[in-house]
Amino acid sequence: MTLDSDAAQPLIFKPIELSQMRTVEDIRKLSGNTLYVYSFASLFAWQADEQYEICIDSDAFVVKNKAEGDSAYLFPCGSDEGKKRLVDSLIQHENPTFYTISDEDKKFLEREYGGKFEFEECRDEFSYLYDKDEQITLSGKAYKSLRHQINLGKATATEWAIEPLTADNCSRALDINRCWADLRKADDLADVRAAETALENFDALKMWGLIFNADGEDTAYIAGTFVTPEIFDIAFCKVLDGRCDCYIKWELYNALPDEVKTVDSEEDLGIEGLRRHKLLRRPKELTRIWKGSII
């Protein structure tokens, strides 16, 4: 599909399907976009809860985010020319609101549509990026509290068994997922359903992760995707004993391939305890996110 920027017809959006994975990932990688939300695994896993639909052009794609409204979209991903074609087409027919706008894409909108958009900083959606090696060594006084939390978590069990998460043992991770929801009376939580979708399509989505057994009982899993060979995104992490959370993540850092330099722990959703926990681990960077609306 190739769009004519002067076309009168509105964009056509379709459900996100596994058959689109290669095309979407090729566009994302060629554009240099490293925001985890644009990885195909994230889009596919979250499409039911976010009511995602996708329109794929020759060198760009845009995702309708119907959970946010009929005119809500993730900002287009792709080449500058492709993004402009998609934005132009949307503007012809409606007043779109764009989410997950990076600093770079904010500059793009300001340059191409000067004065047409107003922007709102979305602090709750900032992604937390961590230096993998620093999170393994945890050197210095700044990490004293985190080292203590890791040791406490490890001490909750006499014997830990840590296995790679695979399609063969994903059923165990699904059991952990359901148990986690039951313990919190939160079986309707969106991330529980999204995690189920990801685990049920683990191989097809090219996910990677670990499953943890403490003294003979499955107690945690952690799963994500390689946004690039150097960046790993922690998409889902469910720990039945909250005391073990820091230990589980520390073991993940140790198990990641040498090529990985950065770990994306995603956003804090404005949850005070989650923000405090993410800041405790001392991110090397917070990726700023904006919302853009037509004035």
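Contact, in what follows, means that heavy atoms lie within 4.5 Å of each other. With that term fixed, helix H6 is a convenient place to enter this predicted model.

Helix H6 spans residues 144-154, and within this helix Leu146, Ile150 and Gly153 are buried. These three residues cover an arc of only 65° around the helix axis, which puts them on the same side of H6. On the other side of H6, Lys144 and Asn151 are exposed. What, then, covers the buried residues of H6? The cover includes helix H5 (132-137), strand E7 (160-164) and helix H9, the last of which runs over residues 245-255.

The surroundings of H6 also hold a small enclosed space, for the structure has two cavities of 30 Å³ or more, and Leu146 and Ile150 are among the residues that line the second largest cavity. About 40 Å³ of space lies in this cavity, whose lining is completed by Gln135, Cys246, Lys249, Trp250, Tyr253 and Arg281. The elements that give two or more residues to this lining are H6 and H9, and the largest share, four residues, comes from H9. By class, the lining of the second largest cavity divides into five nonpolar residues, one polar residue and two charged residues.

The largest cavity, with about 60 Å³ of space, leads to another part of the model. Its lining consists of Ser39, Ala41, Ser42, Ala45, Trp46, Ala198, Met207, Thr225, Asp233, Ala235, Phe236 and Glu266. Helix H2 and strand E10 each supply at least two of these residues, and H2 gives the most, with four. Seven residues of the lining of the largest cavity are nonpolar, three are polar and two are charged.

Two of these names, Trp46 and Glu266, return at the largest pocket, where they stand with Glu267, Leu269 and Leu274 as the closest to the centre among the 39 residues of the lining. The largest pocket has a volume of about 1200 Å³, and the elements that give two or more residues to its lining are helix H2 (40-50), strand E4 (97-101), helix H8 (190-200), strand E10 (231-239), helix H9 (245-255) and helix H10 (272-280). Which of these elements gives the most to the lining of the largest pocket? Strand E10 does, with six residues. Divided by class, the lining of the largest pocket has 19 nonpolar, seven polar and 13 charged residues.

Helix H2 deserves a further look, since Asp49 lies in this helix; because the limit for a buried residue is under 20% relative accessible area, Asp49, at 18% relative accessibility, counts as buried. The side chain of Asp49 is joined to the side chain of Arg193 by a polar contact of 2.5 Å.

The second largest pocket remains, and about 410 Å³ of space lies in it. Of the 25 residues that line this pocket, Gly32, Asn33, Thr34, Leu35 and Glu104 lie nearest its centre. The elements that each give two or more residues to the lining of the second largest pocket are strand E3 (72-78), helix H3 (80-93), helix H4 (103-112), strand E6 (127-131), strand E11 (262-264) and strand E12 (285-287). By class, this lining is made up of seven nonpolar, 10 polar and eight charged residues.

Technical notes: Residues are numbered from 1 along each chain as its sequence is written. This is a predicted model: local features need pLDDT of at least 70, side-chain atom pairs count only at pLDDT 80 or more; totals for chains, interfaces and linings use all residues. Side-chain values use heavy atoms; hydrogens and water are left out. On a 1 Å grid over the protein atoms alone, a cavity is a set of points where a 1.4 Å probe fits but cannot get out, and a pocket is an open set with protein on both sides within 12 Å along at least five of seven lines; lining residues have an atom within 4 Å of a point. Grid points are joined across faces, edges and corners, and a volume is the space filled by probe spheres set on the points. Ala, Val, Leu, Ile, Met, Phe, Trp, Tyr, Cys and Pro count as nonpolar, Asp, Glu, Lys and Arg as charged, and the others, Gly among them, as polar. Buried means under 20% relative accessible area, exposed over 50%, partly exposed in between (1.4 Å probe, protein chains only). The arc is that of the directions from the helix axis to the C-beta atoms. A polar contact is a pair of N or O atoms within 3.5 Å; within protein, one must be able to donate a hydrogen and the other to accept it, and residues adjacent in sequence count only if both atoms are side-chain atoms.
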